[in-house]
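Q: Could you take a close look at the sheets in this model and walk me through how their strands are arranged? I would enjoy a connected account rather than a list.

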Amino acid sequence: MNLDVAFSPLVPLAALIALAIAGAVVALLCLLGRTRGAWLRAGAVTCLLLALANPSFTREDREPLTNVLPVVVDRSGSQTLDGRKGQTDAAREQLAQRLAGLPNTEVRWIEAGQDATSSDGTELFAALRDGVADVPPERIAGALFLTDGVVHDAPPDARSLGFSAPVHALITGRPDERDRRVALTLAPRFGIVGQTQKIGFRIDEVGPGLGGPAPVIVRRDGDEIQRLNATPGQVTTIDVPIVHPGVNFVEVEAEDAGGEITTVNNRAVLPIDGVREKLRVLLVSGEPHAGERTWRNLLKADASVDLVHFTILRPPEKQDGTPINELSLIAFPTRELFAQKIDEFDLIIFDRYARQGILPIVYFDNIARYVRNGGAVLVAGGPDYADPGSLFETPLAQVLPAEPMGGVIEREFRPTLSEVGRKHPVTRGLTGSETEPPSWAPWFRMVDSRLRGGEAVLDGPEDRPLLVLAREDKGRVAVLLSDHAWLWARGFDGGGPHVDLLRRLSHWLMKEPDLEEEALRARATGKTVTFERQTLKDEVSPVDVTLPSGERRRVALAEAEPGLWRGVLETPELGLHRATDGTFTTLVNVGPPNPREFTEVVSTGKRLQAVASATSGSVRRVQPDAGAELDIPRVVPVSSGARASGADWIGVHQADASVVRGLGILPIFAGLLGLLLLIGSFAAAWAREGR
């Protein structure tokens with residue numbers, strides 16, 4: 001119970017102060033002039049002023065509050081290394097016994113660091129703030145951390161804590177730990193396909209018996225590309241070729257030094273996105289027709305494509321005698337394009353092109369060789385493909401998968417997906433294909449042909465091949481056996497998915513990884529890894545996954561849609577995972593490429609020393625020497641400002657926080673008591689003055 005005096009003036013404070021000053025002046029003059037009854041007059045004025053000030057006695061009934069002591073237990077990944085988990089559990093049990101006898105204290109146990117994917121590193125102070133968010137700062141008795149000291153959100157000083165109580169850290173781990181790690185110093189995010197990218201790394205070592213050259217292996221997508229010896233503490237740079245679009249996983253792995261607490265950080269992973277320079281496409285338009293600009297418009301609208309377009313407007317047999325210097329046409333550089341620089345193109349498109357004496361036969365040999373060496377050719381044909389002079393009558397026929405039968409079908413039909421086309425990524429899921437027949441506008445002409453190889457993904461009337469895709473050695477070929485795709489582009493009868501179809505077709509020819517018909521892919525969301533197997537087959541094998549620790553898991557795949565099978569793995573580990581189905585292998589990284597949690601794993605108290613010293617706390621190991629018993633200090637209550645640690649003890653504050661449960665108020669000058677005091681004081685002054 002607390003007693004106090006409170007004032008509630010009956011007049012404004014300024015008026016009360018003015019009356020007090022006036023009364024004091026009058027009383028002082030009376031005292032100096034030795035006026036009869038001066039003391040009684042001063043007493044009467046004082047009683048009047050007190051009555052106007054309205055004083056009252058207040059009584060507070062307070063209930064003391066318990067102090068709150070948060071204990072943050074580090075359960076992060078580094079705490080699972082080198083027996084630290086068992087050490088932490090034993091230390092927690094002993095610490096709980098020490099805290100059980102602490103008077104007037106609520107102990108809050110906060111388990112932190114279990115969810116490694118929520119942040120990159122161990123954030124114990126964030127867990128501390130969340131754990132005491134409902135506690136006023138004056139009730140916090142201190143904070144205890146049971147950790148290996150690998151903390152990534154330790155504040156540089158105590159001002160950001162929000163309380164002034166001592167912070168103590170009990171450090172797990174051994175004082176003689178040794179470790180070798182790979183630290184990336186130059187880590188580019190992108191690289192041009194076909195070029196090399198420079199990577200820099202450094203070998204850092206901690207502990208006794210280290211310092212010699214470290215053997216290092218460099219891998220790209222799991223395949224070894226280089227071996228070298230690196231000097232610890234010095235930056236080493238290497239050149240890594242970027243061989244394909246998409247993510248190229250580069251691993252730099254140092255040999256185990258022996259006796260390390262972990263080898264997880266002996267390997268650094270660097271994902272480099274391989275990007276192509278602009279894809280170069282050569283478009284050769286032959287006989288003019290209504291859809292001649294369809295391919296040009298599509299390719300010009302693609303920012304990743306650099307288009308070279310030639311239209312054959314004046315074949316040699318059509319000479320009208322116009323002088324050369326009056327022609328505004330660019331000469332067709334056949335030798336430069338098809339002999340000297342043909343390998344610089346990613347795709348060559350012949351749109352309604354027939355032999356017109358412009359390209360010598362030997363150039364078609366070059367084009368066929370270009371395909372076998374990894375190039376791509378698309379033939380978008382019409383009647384020209386079936387008539388004499390067809391491209392099929394040139395050496396290019398060696399790589400063309402569709403042989404014209406000599407006729408042209410001219411009647412209304414709707415293109416449909418073949419069985420292979422429903423699975424192939426070029427045509428799978430095209431808008432409108434979900435109905436039978438597809439809700440596409442009809443075409444009215446196609447070349448009658450038969451397959452010589454490859455797969456027909458689109459069919460015409462009577463299941464005749466309409467769009468044929470084929471691989472030829474290292475290259476790819478496609479033949480579109482109709483020149484009516486432009487009807488979709490013009491929106492005739494509702495149109496069709498010409499943009500998706502033609503863009504996918506051209507990018508498949510240029511070997512876009514996402515359009516491969518046979519592929520194994522993986523993507524990670526948190527700790528959930530989704531595997532996708534793209535295939536034209538009816539069955540697939542399960543995926544064998546190797547976790548970063550070496551543990552193996554098997555994931556069964558189920559068909560999600562035609563040609564696409566999926567499976568899901570909930571992985572317990574962060575890092576680079578390898579997956580294979582026996583035919584294809586892929587890599588996927590879970591979490592950050594190089595988690596800070598496992599970058600520096602040697603136990604230390606340095607990161608917590610600054611905040612502990614600023615709050616008069618302490619940092620000590622729970623096992624000072626290897627093989628010794630755990631040494632958990634006593635926990636004793638201390639007053640604010642007192643010393644908070646000793647050789648075998650740590651202190652926590654005992655705050656005087658309380659809550660008011662009752663309040664009593666007794667006015668002094670109210671009622672009969674106040675009236676008697678006022679009347680009595682003035683009566684005494686009048687009586688003394690009347691003598």
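A: Happy to! A word on terms before we start: two strands count as paired if DSSP finds at least two bridges between them. Please keep in mind that this is a predicted model.

Let's begin with the open sheet built from five strands, whose order is 8-14-13-10-11 and whose pairing is mixed. Its edges are taken by strand 8 (190–192) and strand 11 (223–230), each of which pairs on one side only. Between neighbouring strands of this sheet the average turn is 30°, direction ignored.

Further inside that order, strand 10 (residues 214–220) and strand 13 (residues 246–254) run antiparallel and are joined by five bridges. To pick out one residue pair here, Ile-217 has Glu-253 in strand 13 as its bridge partner.

Now for another sheet, also open: four strands in the order 25-26-30-29, with antiparallel pairing. Strand 25 (519–525) and strand 29 (558–561) lie at its edges and have a single partner strand each, so one side of each is left without a neighbour in the sheet. From one strand to the next, the twist averages 30°.

The edge strand 29 is a nice place to zoom in. Three bridges connect strand 29 with strand 30 (residues 564–570), and the two run antiparallel. Along this pairing, Glu-561 is found opposite Leu-564 of strand 30. As background for both sheets, strands of a sheet pair through backbone hydrogen bonds, in either a parallel or an antiparallel way.

Definitions and conventions:
Residues numbered from 1 in each chain as written. Predicted model: local features only at pLDDT ≥ 70, side-chain atom pairs only at ≥ 80, totals over all residues. Heavy atoms only, no water. Axes fitted to C-alpha atoms, helices over the stretch in contact; angles between N-to-C directions.
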